[in-house]
Amino acid sequence: MQMKIADRLQHTEEYYFSKKLSQIAELNKSGIQVLNLGIGSPDLQPPAIVIDTLIEESKNPHNHAYQKYNGIPALRNAIATWYGKEYSVTLNPETEVLPLIGSKEGIMHICMTYLQPGDEALVPNPGYPSYLSAVRLSGATPVSYDLKEEDSWLPDLNELSKRDLSKVKIMWINYPHMPSGAKANRDFFKAIIAFAKENQILICHDNPYSFILNDEQISILSIPGSKEVAIELNSFSKTFNMAGWRIGMLVGAQERISEILRFKSNMDSGMFYPLQMAASKALSLDKDWYSELNKVYRQRREKVYELLNILNCTYDKNQVGMFVWAKIADKYEDAYVLTDEILDKSRVFITPGGIFGSQGRDHIRISLCAPESTFAEAINRITSSNLSS
Ligand SMILES: Cc1ncc(COP(=O)(O)O)c(C=O)c1O
C-alpha cells in the first residue's frame, strides 16, 4: 500500500543524527569502528543517589500507576527550590512549573500551543534544529535570524526591530548557545525582554547548558518583569547525565503553564513515579556534583583543542557548554566537505556546522561526550590519515 504522508511533514526530513547514526552503524559493520565525536549524549554516569532512588522506588508496588499530568508535587517542589537556589528565581511549584519528558518535547508542545498557519516564529541560525522543525510542524512559518561570530553569536535586536514583526508570535533563543557555545549576560536578557514587550512576542528560552563549563547560571526569568513575556525550558540531560531518562522542565507564568498543559495533557501522561522521585534527588545535589563534572569536561576540552589545531581550525576559548565550536580552514568549501573527508579517511565523526543552519556552514562542532582516550585515538587517526589540510 502507498501511504501519502501529511502535508505538514513535506518539509520535515528525518532528524540528521538519526540518519547519520544509521550510516555510522553500516560503516562499523564493515571494519574499523567509527569514533563518534558528534552527538551530545553524556557518556558519564548520573549521580549514584539518583540511580539508587530509581531502583528503590521501583520496588514499591504502589509506584507503577499513571501519574498526574503536571508532575508529582515532590518534583515540582524540587524544581522550584533548585530555581531559587541556582538561578535566584522564585517559582510557585503548584502553578509555574511543568515537568516534561525531555525539553525536546517541550519545544513541540510550545509550538503546538501557540502557533498556527499564518503565524511566524523567529528561530536562530545557527541553532538547535528542533526549533525549526517544531515551528514547521505547527503549520506556522519559521523566520530565521542570523547569529554571527562578529556579534558574539547574539541576535542583532536593532536589525530585528526594523523588520515587519506583526505576524511573529514567538522567538526561540538559547544561551548558553548551542552550537556556538556563546554566553549571554544579564544586559542581553534585559534587552530581549524589552524587545519582547515592545513587539508582543513570547520569548522561549531554552537553557539546558547553563551548568556545563559555565561559571554563571542565568535564567531569563531572573530579569524583573520577564514572566509577562518569557518562558524557559531546562533539562536533566546534560546537567545530570540523564539524557536517556527523558526528563526536563518548563517554567513560567501560571497562564503559560496551563495553556501548554492543555496541549501536553492530550499528548502524553505523567512520568513514571520512581523516575520523578529520582530526578528530584538530582536537584538537591550540592556544588560538588557540578564541579566534578566540569573537571572532566575541562580535561577533555584540552584534547579537543589539540585536535582542532591539527585541523587548522580557529576557536574561541571563552565558549561554554558541552561542545567546542570551531571555524574551519578557508581552503574547504564548507564543513560538510571536511567532516565527510574525516569520516571517510579517519573514521572519526564530527558534526558539520551546516546542520544548524547556513550560518554554521564554515564551522564544525565537537562533542565533549567521549573519554580522553577516544580523543587521543581520534588525534592519532587524523594525524596519520592523509587529510588534505
Ligand atoms: C539546545 C538544545 N535544546 C534542547 C535539547 C534537548 O534536550 P532534552 O534531552 O532535554 O530533550 C538539546 C539536546 O541536545 C539541545 O542541544
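Reader: How much of residues 33–382 is helix and how much is strand, and how far apart are the end C-alpha atoms?

Author: Keep in mind that this is a predicted model. Over residues 33–382 the chain is 40% helix and 16% strand, and the C-alpha atoms at the two ends are 14 Å apart. That stretch comes from an unreviewed UniProt entry, which annotates residues 33–382 as "domain: Aminotransferase class I/classII large".

Reader: And how many helices and strands does the chain have?

Author: Twelve helices and 13 strands.

Reader: What does the radius of gyration say about the chain?

Author: The idea is to set it against what a compact globule of that length would give. For 389 residues that would be near 21 Å, and the chain has 21 Å, so the two agree. As for the box, the C-alpha atoms fill roughly 60 × 55 × 55 Å along the principal axes.

Reader: What share of the residues is buried, and what share of the contacts joins residues at least 24 apart?

Author: Buried residues account for 55% of the 389. Of the contacts between residues at least 6 apart in sequence, 75% join residues at least 24 apart.

Reader: What about the surface and the charges?

Author: About 17,400 Å² is exposed, with carbon and sulfur atoms supplying 50% of it. The chain carries 41 positive and 46 negative side chains, and the centres of those two sets lie 2 Å apart.

Reader: Let's try single residues. Is His-109 buried or exposed?

Author: For this you compare the relative accessible area with a cut-off: under 20% is buried. His-109 has 4%, so it is buried. His-109 sits in helix α4, residues 103–114. Leaving out residues up to four places away in sequence, His-109 touches Leu-100, Ile-260, Phe-263, Lys-264, Met-267 and Asp-268.

Reader: Where is His-363, and what does it touch?

Author: His-363 belongs to strand β13, residues 363–367. With 5% relative accessibility, His-363 counts as buried too. Beyond its neighbours within four places in sequence, its contacts include Glu-149, Trp-153, Trp-325, Lys-327 and Pro-352.

Reader: Why does Ser-226 count as buried?

Author: Ser-226 has a relative accessible area of 1%, so it is buried. Ser-226 lies in the loop between β6 (202–206) and β7 (230–235). Not counting residues up to four places away, Ser-226 touches Ile-193, Ile-220 and Leu-221.

Reader: How far is Ser-226 from Glu-94, in sequence and in space?

Author: They are 132 residues apart in sequence, and 19 Å apart in space from C-alpha to C-alpha.

Terms used: Residues are numbered from 1 along each chain as its sequence is written. This is a predicted model: local features need pLDDT of at least 70, side-chain atom pairs count only at pLDDT 80 or more; totals for chains, interfaces and linings use all residues. Side-chain values use heavy atoms; hydrogens and water are left out. Helices (H or I, at least four residues) and strands (E, at least two) are DSSP runs, numbered from the N terminus. The radius of gyration is taken over C-alpha atoms; the globule rule is 2.2 Å times the number of residues to the power 0.38. Buried means under 20% relative accessible area, exposed over 50%, partly exposed in between (1.4 Å probe, protein chains only). Contact means heavy atoms within 4.5 Å. Accessible areas come from the Shrake-Rupley method with a 1.4 Å probe; for residues, only the protein chains shown count as cover. Lys and Arg count as positive and Asp and Glu as negative; His and the chain ends are not counted. The place of a charge is taken as NZ of Lys, CZ of Arg, CG of Asp or CD of Glu. UniProt positions are given in the numbering used here, feature names are shortened, and annotations may be inferred rather than shown by experiment.
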